Amino acid sequence: MRPVEEHAATVAALVAATGSETVRLADARDRVLAADLASPLALPPFANSAMDGYAVRAADLDRLPVTLPVPEDVPAGRVDGPPLAPGTAHRIMTGAPLPEGADAVVQVEWTDGGLPGATVTVERAVDAGQSVRGAGEDVTAGQVVLTAGTVLGPAQIGLAAAVGAAEVVVHRRPRVLVLSTGSELVAPGEPLRHGQIHESNGPMLAAAVDDAGGEARLLRFVPDDVEEFLATLDAALVEPTDLVLTSGGVSAGAYEVVKDAFASRGVDFVKVAMQPGMPQGAGHYSHDGHAVPVVTLPGNPVSSLVSFEVFVRPVLRAAGCHPHPGRPRVRARVSEALRSPAGRRQFRRGRLDAVTGTVSPVGAAGSHLLAALALADCLFVVAEDVTEVAEDTEVEVWILDPMR
């Protein structure tokens with residue numbers, strides 16, 4: 001059987017890095033920046049008040065309490081910038097531009113709250129610069145605020161918006177055609193006849209592709225007929241596609257439509273030394289003069305998703321130039337004794353307790369037990385040369401998305 005690392009390298013060699021594209025900032029969450037973003041302006045762009053209070057000259061507060069005329073009101077957004085004369089105070093709101101001539105802000109709690117057109121009595125002195133946000137204090141004009149390779153989360157999008165970027169240049173998402181096969185499959189929501197099951201792999205893998213940073217296009221299941229399979233695939237490949245991802249039809253039995261269709265058309269089918277997910281395929285399919293990368297996954301749902309995690313997810317993230325393509329990995333102690341098949345790397349579903357540093361199996365090892373996978377927040381790994389795992393043995397744990 002092919003080692004896990006060898007098959008992972010085979011799959012990784014299929015998919016090249018994507019190019020870049022410009023997207024609206026509103027559509028950029030979780031995208032990877034493809035070019036440095038420099039700020040055309042300083043942040044703050046002007047000196048402004050950090051408090052609701054009164055803009056003053058600190059030197060005017062040499063004797064306390066002091067009563068000053070309040071000729072102007074300066075709310076946030078006022079653009080005419082009335083200057084401050086010596087011996088006066090402008091009422092000012094947080095974020096409003098500091099008037100010319102002022103060098104400090106007295107917060108309103110240190111005054112009697114006098115209104116514009118009247119006077120204000122100040123009871124505490126301030127130093128020059130107090131409660132003032134200086135121009136360029138956060139970012140200087142021309143400064144690179146986000147470097148290429150940055151993943152755009154809420155904070156990064158907020159910063160890009162603050163420097164005026166309505167669009168950003170990001171790496172394009174890998175475009176993945178997800179296709180399930182099987183004459184026994186029926187769309188969710190439709191009634192089942194005896195011998196039929198609802199098709200789950202397509203929606204599951206499409207969601208996994210999107211979660212990995214790809215762009216999934218779900219092609220509904222295809223019956224177990226080679227000619228119909230190839231005709232359906234060729235029609236779908238009219239649209240640009242970076243990877244064809246199939247599930248099912250790759251084992252050693254009859255009616256293995258994916259294997260029958262691809263085996264003589266550039267895709268190698270192998271047994272990988274792992275559980276679940278032993279039957280795998282990878283290669284290129286020739287369409288309209290182009291070699292389209294193909295990865296074929298087994299049909300059992302747990303095998304399919306575990307195989308995606310091991311082989312496909314890191315490749316999609318690397319193709320999109322994500323700085324951290326792999327799942328986070330930690331070490332933890334198993335909460336109970338386990339058995340594992342000789343010569344195969346086992347990926348077990350688990351729940352991680354970060355406080356105690358333990359991982360507990362969720363469900364049995366069967367590749368059809370999808371409910372257990374849905375309850376898991378991690379996969380833990382048992383090496384190929386290990387058949388007995390004692391309680392409290394330390395294992396490698398792959399952290400999946402936390403339960404919602």
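Which residues does F308 touch, not counting residues up to four places away in sequence? I looked this up before anything else. The model is predicted. F308 touches L205, A208, V209, A212, L245, L297, R313, P314 and L316.

**Entry: the largest nonpolar core**

I then asked for the setting of F308. The largest nonpolar core has 35 residues, and F308, L245 and V312 touch the most other members. Next I checked which elements supply this core. At least two residues each come from α1 (4–12), β13 (175–181), α3 (201–211), β17 (243–247), β21 (290–297), α6 (301–319) and β26 (378–382). Helix α6 gives the largest share, 10 residues. I also noted a second, separate core of 18 residues, with L179, A236, A261 and F269 among its members.

**Entry: S307 in α6**

I moved to S307, which lies in helix α6. Is S307 buried or exposed? S307 counts as buried, because its relative accessibility is 0% and the cut-off for buried is under 20%. I listed its contacts, leaving aside neighbours within four places in sequence. S307 is in contact with M274, G277, Q280, L297, P298 and V312. L297 is also on the list of residues that F308 touches.

**Entry: helix α3**

I went through α3 for burial. Its buried residues are N201, G202, M204, L205, A206, A208 and V209. Of these, I had already met L205, A208 and V209 as residues touched by F308. I looked at the end of the helix too. G213, just after α3, takes a positive phi of about 95°.

**Entry: a four-stranded sheet**

I traced an open sheet of four strands. Its order is β6-β7-β4-β8, and the pairing is mixed. Why is one side of β6 and of β8 left without a neighbour in the sheet? Both strands stand at the edges, and each has a single partner strand, so one side of each stays free of a neighbour in the sheet.

I took the pairs one at a time, starting at β6.

- β6 and β7 run in the parallel sense, paired over two bridges. V74 stands opposite I92 in β7.
- β4 (residues 53–56) and β7 (residues 90–92) pair in the antiparallel sense, over three bridges. Y54 stands opposite R91 in β7.
- β4 and β8 (residues 104–107) are also antiparallel, over four bridges. Here A55 stands opposite V105 in β8.

I kept one general point in mind while reading these strands. In a regular strand the side chains alternate between the two faces of the sheet.

**Entry: salt bridges**

How many salt bridges does the structure hold? I have 20. The general rule is that side chains of opposite charge can pair when their charged atoms come close. I picked out three pairs and a network.

I began with R91, since the sheet had already brought me there. The side chains of R91 and D73 meet in a salt bridge at 2.9 Å, N to O. The pair links distant parts of the chain, with R91 in β7 and D73 in β6 (residues 73–74), 18 residues apart. R91 counts as partly exposed because its relative accessibility is 23%. D73 is likewise partly exposed, at a relative accessible area of 26%.

I took R329 and E396 next. Their side chains meet in a salt bridge at 3.8 Å, N to O. R329 sits in β22 (residues 329–334) and E396 in β28 (residues 394–399), so this pair ties together parts 67 residues apart in sequence. R329 is partly exposed, with a relative accessible area of 47%. E396 is partly exposed as well, at 25%.

The third pair is E388 and R339. Their side chains meet in a salt bridge at 2.2 Å, N to O. E388 lies in β27 (residues 388–389) and R339 in β23 (residues 338–339), so the parts tied together are 49 residues apart in sequence. Are these two residues partly exposed or exposed? E388 is partly exposed, with a relative accessible area of 49%. R339 counts as exposed because its relative accessibility is 61%, and the cut-off for exposed is over 50%.

I closed with the network. Salt bridges link D211, E309, R313 and R327. R313 took me back to my opening query, as one of the residues that F308 touches.

Key:
Residues are numbered from 1 along each chain as its sequence is written. This is a predicted model: local features need pLDDT of at least 70, side-chain atom pairs count only at pLDDT 80 or more; totals for chains, interfaces and linings use all residues. Side-chain values use heavy atoms; hydrogens and water are left out. A nonpolar core is a set of buried Ala, Val, Leu, Ile, Met, Phe, Trp, Tyr and Cys residues joined through side-chain atoms within 4.5 Å. Buried means under 20% relative accessible area, exposed over 50%, partly exposed in between (1.4 Å probe, protein chains only). Contact means heavy atoms within 4.5 Å. Two strands pair if DSSP finds at least two bridges between them. A salt bridge is a side-chain nitrogen of Lys or Arg within 4 Å of a carboxyl oxygen of Asp or Glu.
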